[in-house]
Structures are given as structure tokens and as C-alpha cells.
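Got a minute for a walk through a protein model? Have a look at the chain below before reading on.

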Amino acid sequence: MEEQVQIMSKKENPLGYQPIGRLLMRFALPAIISMLVNSLYNIVDQIFIGQGIGYLGNAATTIAFPIVTIILAVSTLLGAGASAFAAIKLGEKQEETAEKCLGNVFILGIVMGIIVLVLGLIFLDPMLKLFGATENTMEYSRQYTSILLIGAPFNMLGVILSNMARTDGNPTLATYSMVIGAVLNTILDPIYIFVFHWGVVGAAIATITSQIISAVVLTVYFIRFSNMRLKTANFRLRGPICGRMTALGVSSGITQSAATILQVVLNNSLVFYGNRTAIGGDVALSAMGIVSKISMILLSVCIGVGIGSQPILGFNKGANHPGRIRKTYLYAIAAATAASVIGWAACQLIPDVILRLFGTGNTDFTVFAIKCMRIYMLGIFTAGFQVVSTSYFQSTGQPMKASVLSMLRQLLLLIPLILLLPMFFGLDGVLYAGPVADFTSAVIVLVFIIYEMKKLNQDCLAEQGIPADSVS
């Protein structure tokens, strides 16, 4: 009897009939909060470290950031892919397959988290040198990164299950679990840094404690309260399910993987060219680290909108409702673009106010950090359009296009520009690489979208019974 009630409730999934604006707000707002909270784990550490230790401590968190992006790359690949696959299957009324997907991605998350932990600790010092650590920052970097690695399995599981909770129809749970962790991190950081005087070690311990709590809350939900239940019978990995969800998640994984490669190239370029100026490499690295965190906040809002739209897009793709797909995409584009434009304006108008949150440094640091924010973030207002467009292709079962667009800005454009422009313009070349990559990638994404919208409009006409060739 209980199973019949659950099946009946699943047949009336609100993704298929509720107004798009209401659905997008319901799913995107919790996703935005979750993404912001996930970003704030590292940012809160950087704020308190900057106030308690100084710019060398902040430089250490910048050096450790590629580890964070590696963990996010794997967990986002698995989580976003599984979420998209499960949403499509729910739209096709294949609830059992969606539950198998949940069990498979749960096991994969644990296994991959342990692999990242073990390999990270084994190759810690060479890895930190590759990421830009110097004699001044190596010890801070080693202390901070080694503890972050211990929390990798929990961090990974939390990100994966947050994605699945949204597809399960409970986006607020993902938000609550992340908020609980963020609040705990914010409370523990000053205690460990200023009261116990544990420095960067305390900041890292606060972060992984919060990640563990988030992962536990989400796991309990899927065992006891969810529509898609976490069952041991579904823990056996199935090739077709793993392959399909991985293919759908590749674009998200590529985005984060490219962020890792980008951070490594960026860190080393800043140290190399910064040491050839009066500013110095450590100051340049610390300043860009703060700017990168601000960029991450703005991108988190855009990614949150994209993630919030994914269950709606995926379900209606499976249910063959092109009109709802088009409306969801347009609403998501409007919301994400508005957020990125507001963020861009703040970076251009009040960079000094934003930077003061991260502590004060010497005059050279402050001047360069303001310049860095204004130039590097000059094209950030295009982020909303690009991120949501990539999410659209991923959610509608077009992994190849999504993968290409995911690689475009960071891997295919920004990294080569960071290597090329400083040869002619020195340290300023590193900064100008950002807006050049932003504007170029936005134009290319627009070409993809124009073609896609033409096809989607034809599908909408067919849905209404209107022949496409009858409309001029």
C-alpha cells in the first residue's frame, strides 16, 4: 500500500505541470545558496586567515585551491551527471532506474573520495610546488592542504547528494545541509584561529568538520525520508548507468578540471612575472587569490541558477515538452545574467570595500589587488549567459556540446592567453587574459544557442500542431 501511494505521487511530479517561474525559484534559490555556501567554506577561511595571519596565509589557501577544485571536479562530474540522468528517468516514469543511479553514484563518490585522499597525501609536497608554493608559503600550504584532503570523501559525498536531493524534489534540504555546515565553519574558524591559535590548521579543521556534518545529514535523508531511497541492493555498480551519468556529467567535470589546470597555470604565472616587478610573486599570488574567490562567488550564483534549472529541463526533455524547456532556459538566462551584471558593477565601482573583508596588506598589495579586480573581472557580466547555456545542453542530453562549451572559456581560451599575453605585457598580461577570454567565449556560446533555439522553436510549433514551414 505504501509503495502504491509513492508511485501515485511520483506520477504527478510538479516538474511537469507547475509554472516555470515558480519552479525555477523553488529549485534555483536553494541551489544558489548551496553553491554560495560551498564557495564560502574556502572564502571564510581566507577572510579569517587574512585577519589572523596575513597575506602569506592567504597565499597558502590560494595554493591549496587546486585541491578544492579537483575534489569539486570529481564530485560535480558524478553529482551533476547522476542528477541529470535521474531527472530524465523520472520524466520517463522509470523510477527504479533513478534509484539505481542514486545507489551507484553514492558508492562511486566514496571510492573516488578515498582515492583523492590517498594520492593527495602521497604526493603532497610535489603537488604544492606545482601549484606555486614558495619557501615562504610551503609550510602553511602543507598544513592547510593535508587536512582538507582528509575531508575529501565527505566533501565529495555532500556535493553529490546535494545534486540528487534537488532531483528528488527536495531542493531545500540540500540548502539546509550546506547552511548548517557553513554556519558551523564560520563559528569554528575564529575559535580555532584566534582563541586556540591553531592558525591555518584550525581553519582547515573547521572546514572538514562542517563538510562531515553536511554529508551525514544528506545520507540520513536518502536512507529514511526521500522518494528515491538509498538501498544496499543498488550499490552494485552497473556499467550502462555509470556510463550514461558520467557522460552527462562530463561537461561539469571538465569545467572544474579546467579550473584546476587554470589555477595551477595562473599561480605559477603570477609568481614568475610578479617576481620580476616591485610587487613580488607572493603579493601577486595573494591578491589574485582574493579576486578568484570573488569571481567564484559570482559564478556560484550563475551555476546555482543552472543547477536549479537542470531538473526542470531534464524532466521536460524526458516528457517531451519543448515549450516548457524553452521557457525554463529563457527564465534562467535572465536571472543569471542579472546576477552577473550586479556582481560586475560591484567589482568595478567598490573593489576597495570588497577587498577590506580579507584583511589589509601593504600599499603595494592594496593597489595591485584593486587593479587586479577591475581588469580581471571586466568581462564577468557574460558569465550568467555562458553557465546557463552549458547547463541547458547538459540537462537536455547533449553531452558533447556541453563538454565543448565547458572547456571553451578556461581550457581553450584563458589558459593559452595567460601563457601568451604576459610575454608581451608582463604581469598586466595575466590580468587582461580574463576579459579577453570572457568576451570571446560569450560570442561562441551565442552561436551555439542561436542554432539550438531555432530547433527548439520548431519543436514547440510541432507540439502545438503547427507545421514549421507554415510560419515565415
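What follows goes from the overall fold to confidence and then to a couple of individual residues.

Keep in mind that this is a predicted model. Start with the secondary structure: the protein chain has 18 helices and zero strands. Its radius of gyration is 22 Å, close to the 23 Å that the globule rule gives for 472 residues, so the chain is as compact as a globular protein of that length. If you want a box around the C-alpha atoms, roughly 70 × 55 × 35 Å along the principal axes will do.

How about the packing? Of the 472 residues, 58% count as buried. Take the contacts with a separation of 6 or more, and 83% of them are between residues 24 or more positions apart. On the outside, the accessible surface comes to about 18,700 Å², and carbon and sulfur atoms own 68% of that. As for charges, the chain carries 29 positive and 22 negative ones, and the mean positions of these two sets sit 5 Å apart.

Now for how far to trust the coordinates. The mean pLDDT of the chain is 85, with 94% of the residues at 70 or more. Which elements mark the two ends of the confidence range? Helix 1 (residues 2-11) has the lowest mean pLDDT, at 42, while helix 17 (residues 422-425) has the highest, at 94. The start of the chain shows up per residue too: over residues 1-10 pLDDT stays under 50, and the model has five contacts for that stretch beyond four places in sequence.

Next, zoom in on Ser226, which lies in the loop between helix 9 (199-224) and helix 10 (239-274). Is Ser226 buried or exposed? With a relative accessible area of 2%, Ser226 is buried, because the cut-off for that label is under 20%. Leaving aside residues up to four places away in sequence, Ser226 touches Asp168 and Tyr221.

For another stop, go to Ala334, found in helix 12 (residues 322-349). Its relative accessible area is 49%, so Ala334 counts as partly exposed; the exposed label needs over 50%. Where does Val305 come in? Val305 is 29 residues from Ala334 along the chain, and the C-alpha atoms of the two are separated by 9.9 Å.

To recap the two residues: Ser226 is buried, whereas Ala334 is partly exposed.

Conventions:
Residues are numbered from 1 along each chain as its sequence is written. This is a predicted model: local features need pLDDT of at least 70, side-chain atom pairs count only at pLDDT 80 or more; totals for chains, interfaces and linings use all residues. Side-chain values use heavy atoms; hydrogens and water are left out. Helices (H or I, at least four residues) and strands (E, at least two) are DSSP runs, numbered from the N terminus. The radius of gyration is taken over C-alpha atoms; the globule rule is 2.2 Å times the number of residues to the power 0.38. Buried means under 20% relative accessible area, exposed over 50%, partly exposed in between (1.4 Å probe, protein chains only). Contact means heavy atoms within 4.5 Å. Accessible areas come from the Shrake-Rupley method with a 1.4 Å probe; for residues, only the protein chains shown count as cover. Lys and Arg count as positive and Asp and Glu as negative; His and the chain ends are not counted. The place of a charge is taken as NZ of Lys, CZ of Arg, CG of Asp or CD of Glu. pLDDT is the predictor's confidence in each residue, from 0 to 100.
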